[in-house]
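I opened my notebook to record what I looked up, entry by entry, before drawing anything together.

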Amino acid sequence: MNYQVKGEPFPVVVCSLDSGESVNCQKGAMAWMSPNMQMQTNAGGGVGRMISRAVSGESIFQNVYTAQGGAGEIAFAASVPGHIMAMNISASRSVVAQKRAYLASEMSVDMSMFFQKKIGAGFFGGEGFIMQKFTGNGTVFLEIDGSVVEYDLQANESIHVDTGYLAAMDATCSVDIVTVKGIGNALFGGEGFFNTVVSGPGHVWLQTMPASAIAGALAPFMASNKG
């Protein structure tokens, strides 16, 4: 499969498939395609996988598109302004991403639930107990809210991240929380009581405009329009 990401800040990824080649995607992600692309909707692995996708923020069902009778083309569009990131998954690299990050992937990539091991990080870290983990061998396309900023963390190196700004990380990284120092800072600083701490070793992808931040920025205008 060959692909190109086009059209930021409202991006699509355009995938070119050989005859008989298939690609998997999140429900509703398809934007356009050539006439010879055949769609099949299924549970993708049975009840267990259905539950896994639902809990990790995705649709219970998935769509598989296959090029029939020749090469085909299909485009998948992001649901919010931002960036579509292509990640290469292999036996030596698994990736953990925020809920609802999954857009599409090669059939050889598997998505499962990833549980935060530390209770505090799950309750207060802003990412929740459950994230998405991608394993296998192939390319997965993830939706990133806003732009992407990347860091390589060494062992025992960490970065503090505000709620919602962690988009993805290598599975070798770990997540914890830290309290904001000073009661005045926590109450009046606008950053809340906790920050997420991501520790290496591994690569980290941060996003500059989480969907929650977009909603917060638009809320005053929507409220004034109602009035």
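The entries below cover ring pairs first and then two single residues.

**Entry on the ring pairs.** I kept in mind throughout that this is a predicted model. I began with the aromatic side chains and found that the structure holds three aromatic pairs. One of them joins Tyr-3 and Phe-141, whose ring centres are 5.0 Å apart and whose planes stand at 80° to each other, an edge-to-face arrangement. I then looked up where these two residues sit, and I noted that Tyr-3 belongs to strand 1 (residues 2-6) while Phe-141 belongs to strand 13 (residues 138-145), so that the pair links distant parts of the chain, 138 residues apart.

**Entry on burial in that pair.** Are the two partners buried or exposed? For Tyr-3 I wrote down a relative accessibility of 34%, and Tyr-3 counts as partly exposed because this value lies between the 20% and 50% limits. Phe-141, in contrast, has a relative accessibility of 0%, which means that Phe-141 counts as buried.

**Entry on a second pair.** I turned next to Tyr-102 and Phe-134, whose ring centres are 5.9 Å apart and whose planes meet at 25°; planes under 30 degrees apart count as stacked, so this pair is stacked. Tyr-102 lies in strand 10 (residues 102-106) and Phe-134 in strand 12 (residues 130-136), so the pair ties together parts of the chain that are 32 residues apart in sequence. I also checked burial here, and both Tyr-102 and Phe-134 are buried.

**Entry on Ile-84.** I found Ile-84 in strand 8 (residues 82-89), and because its relative accessibility is 2%, Ile-84 counts as buried. What does Ile-84 touch, not counting residues up to four places away in sequence? My list includes Val-5, Glu-8, Pro-11, Phe-76, Leu-103 and Leu-142, and Phe-141 from the edge-to-face pair is also among the residues touched. I added one distance to this entry: Ile-84 and Pro-9 are 75 residues apart in sequence, and their C-alpha atoms are 9.4 Å apart in space.

**Entry on Ser-158.** My last residue, Ser-158, lies in strand 15 (residues 158-161), and with a relative accessible area of 39% Ser-158 is partly exposed. Leaving aside neighbours within four places in sequence, I noted contacts of Ser-158 with Leu-153, Val-197, Val-198 and Ser-199. I also looked up Gly-200, which is 42 residues from Ser-158 in sequence but 6.1 Å from Ser-158 in space, C-alpha to C-alpha.

Conventions:
Residues are numbered from 1 along each chain as its sequence is written. This is a predicted model: local features need pLDDT of at least 70, side-chain atom pairs count only at pLDDT 80 or more; totals for chains, interfaces and linings use all residues. Side-chain values use heavy atoms; hydrogens and water are left out. Rings of Phe, Tyr and Trp (its six-membered ring) pair if their centres lie within 6.5 Å; planes under 30 degrees apart count as stacked, over 60 as edge-to-face and the rest as tilted. Helices (H or I, at least four residues) and strands (E, at least two) are DSSP runs, numbered from the N terminus. Buried means under 20% relative accessible area, exposed over 50%, partly exposed in between (1.4 Å probe, protein chains only). Contact means heavy atoms within 4.5 Å.
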